[in-house]
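Reader: I should like to request a close look at a single part of this structure, set in the context of its surroundings. Please keep the account connected and formal.

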Amino acid sequence: MRVAIVTESFPPDINGVAHCTLQTARHLHRRGHQPLVIAPAGPHDGSPDATGDIDGEHPFPVVRIPSLPLPGYPQVRVALPSRRLAAAITAHRSDLVHLASPFVLGARGMTAALRLRIPAVAVYQTDLGGYARTYLGAGENAAWRRIRAVHTAADRTLAPSTAAARDLDEHGVPRIALWPRGVDTERFHPSRRDPELRRSLAPGGELIVGYVGRLAPEKNVELLAPLCALPGVRVVVVGDGPSEPALRAAMPGARFLGRRTGTELARVFASLDVFAHTGPQETFCQTVQEAQASGVPVVAPAAGGPLDLVDHGRTGLLVPPGDADEVRDAVSLLAAHPRKRAALGQAGREAVEGRTWEAIVDQLIDHYAEVLMARTAVAA
């Protein structure tokens, strides 16, 4: 199959959409398919007038569309209107268009697919309605109208979790199917645990509780502040974002490591004693899977994607969303019971061992095939 993947974000961006898109394109290429990625140009690609030429860093073509940074959140790029999108799909002779978390560039990709009469699969990955509520205090209904319009036009919408599928259904999106996310179980592995790194992070032998992800308002990382007052506990924060200055002020005892990627990130994950996620708006929550693959017990809110990933009391602990006291109490429980930590970590690792990217993208290929067969049947 020739698949055009239109994404709102792509590496070197570091986020769930970019990572999933990269893994999807890589595996499609390995399976003998012909992916094309169309993504916003970043600051590394030059000005909004950058050429958008094909990126040669990957074994598949990547076409960059001129973009501008989102005001107040420059890590997020918004693609500008461009004829290159439809031209790239046409030149690729795509059989199918894959829309990764469509909103701006993805909406234009949906329009192009309709005009070119190419079937489209839309992947829901970002709670944009929740983001509008968090950042603007309004606009949630408008965001959902946009989401509903794009996804209703698609042949199939893929939701990463049962909670996300329920939200889509409640907002009137049709033709929904589940498609979760994979995890690199070789990179994220308990064997990456590093005693030297642990000594540098917690020289007094403290229990290391870590958060990995964007430092942004919707992540509620400030809920970890009470952990800094627990005796024998060291909080480690990995990531960057607009909330970093405020979080540093609120958690002066925490270690902020900035952005980490690849093997270095895997080493940090495996060296934690507890992974604590705090954001209630996750449609999936990839970092929970990465912690589980690393053999680290998880504390996460009982909302969104973590509801599918964490079997409370067996592969981790779920706490009420937004409750700092419950997060503190869950960490205190695990701090006092090392055997419980070990059991949760081992069970978490066992739960994700079959969720490789190879297995997950093979499921995606099945969705593609079903959509193409349905289009062929209608045409006949």
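In which loop is the place of Ser101?

Author: In this predicted model, Ser101 lies in the loop between E7 and H3. Although Ser101 is not a glycine, its phi is positive, at about 50°. The sign deserves notice because most residues other than glycine have a negative phi. Ser101 has a relative accessibility of 8% and therefore counts as buried, the cut-off being under 20% relative accessible area.

The elements on either side of this loop may be taken in turn. On one side is strand E7, residues 96-100, which runs parallel to E1 and is joined to E1 by 5 bridges. Within this pairing, His98 of E7 stands opposite Ile5.

Strand E1, residues 2-7, leads further into the structure. Of its 6 residues, 6 are buried, so E1 is largely enclosed by the rest of the structure. In a regular strand the side chains alternate between the two faces of the sheet. Both faces of E1 are covered: Arg2, Ala4 and Val6 are buried on one side, and Val3, Ile5 and Thr7 are buried on the other. Val3, which is found in E1, has a relative accessible area of 1% and is therefore buried.

E1 also pairs with strand E2, residues 34-40; these two strands run parallel and are joined by 5 bridges. Here Ala4 stands opposite Leu36 in E2. Together with helix H1, residues 16-30, E1 and E2 make a right-handed β-α-β unit. The loop between E1 and H1 contains Pro12. The peptide bond that joins Pro11 and Pro12 is cis, with omega about 20°. This is a further point of backbone interest, because most peptide bonds are trans.

On the other side of the loop that holds Ser101 is helix H3, residues 105-116. The 12 residues of H3, at 1.5 Å a residue, should span 16 Å, and the end C-alpha atoms are 16 Å apart, so the expected and modelled spans agree. The buried residues of H3 include Leu105, Gly106 and Ala107, together with Gly109, Met110, Ala112 and Ala113. Just after H3, Arg117 takes a positive phi of about 60°.

A further positive phi is found at Arg175, a residue other than glycine, with a value near 55°. Arg175 is placed in the loop between helix H6 (162-170) and strand E10 (176-178). Whereas Ser101 counts as buried at 8% relative accessibility, Arg175 counts as partly exposed because its relative accessibility is 44%.

Elsewhere in the model there is an open sheet of 6 strands, in the order E13-E12-E11-E14-E15-E16, with parallel pairing. Strand E13 (255-258) and strand E16 (317-319) stand at the edges, each with a single partner strand, so one side of each has no neighbour in the sheet. The twist averages 25° from one strand to the next. Within this sheet, strand E14 (residues 274-276) and strand E15 (residues 298-301) pair in the parallel sense over 2 bridges. Val299 in E15 is the bridge partner of Ala276.

Finally, helix H10 (residues 286-293) packs against helix H13 (residues 338-352) at an angle of about 110°, with their axes 7 Å apart. H10 and H13 are therefore roughly perpendicular to each other, and their crossing is left-handed.

Methods:
Residues are numbered from 1 along each chain as its sequence is written. This is a predicted model: local features need pLDDT of at least 70, side-chain atom pairs count only at pLDDT 80 or more; totals for chains, interfaces and linings use all residues. Side-chain values use heavy atoms; hydrogens and water are left out. Helices (H or I, at least four residues) and strands (E, at least two) are DSSP runs, numbered from the N terminus. The expected span of a helix is 1.5 Å times one less than its number of residues. Buried means under 20% relative accessible area, exposed over 50%, partly exposed in between (1.4 Å probe, protein chains only). Two strands pair if DSSP finds at least two bridges between them. A crossover is right-handed if, with the strands pointing away from the viewer, the path from the first strand over the helix to the second runs clockwise. Axes are lines fitted to C-alpha atoms, for helices over the stretch in contact, and angles run from 0 to 180 degrees between N-to-C directions. Angles under 35 degrees count as roughly parallel, over 145 as roughly antiparallel, 65 to 115 as roughly perpendicular and the rest as oblique. A crossing is left-handed if the near helix is turned anticlockwise from the far one by less than a right angle, and right-handed if clockwise.
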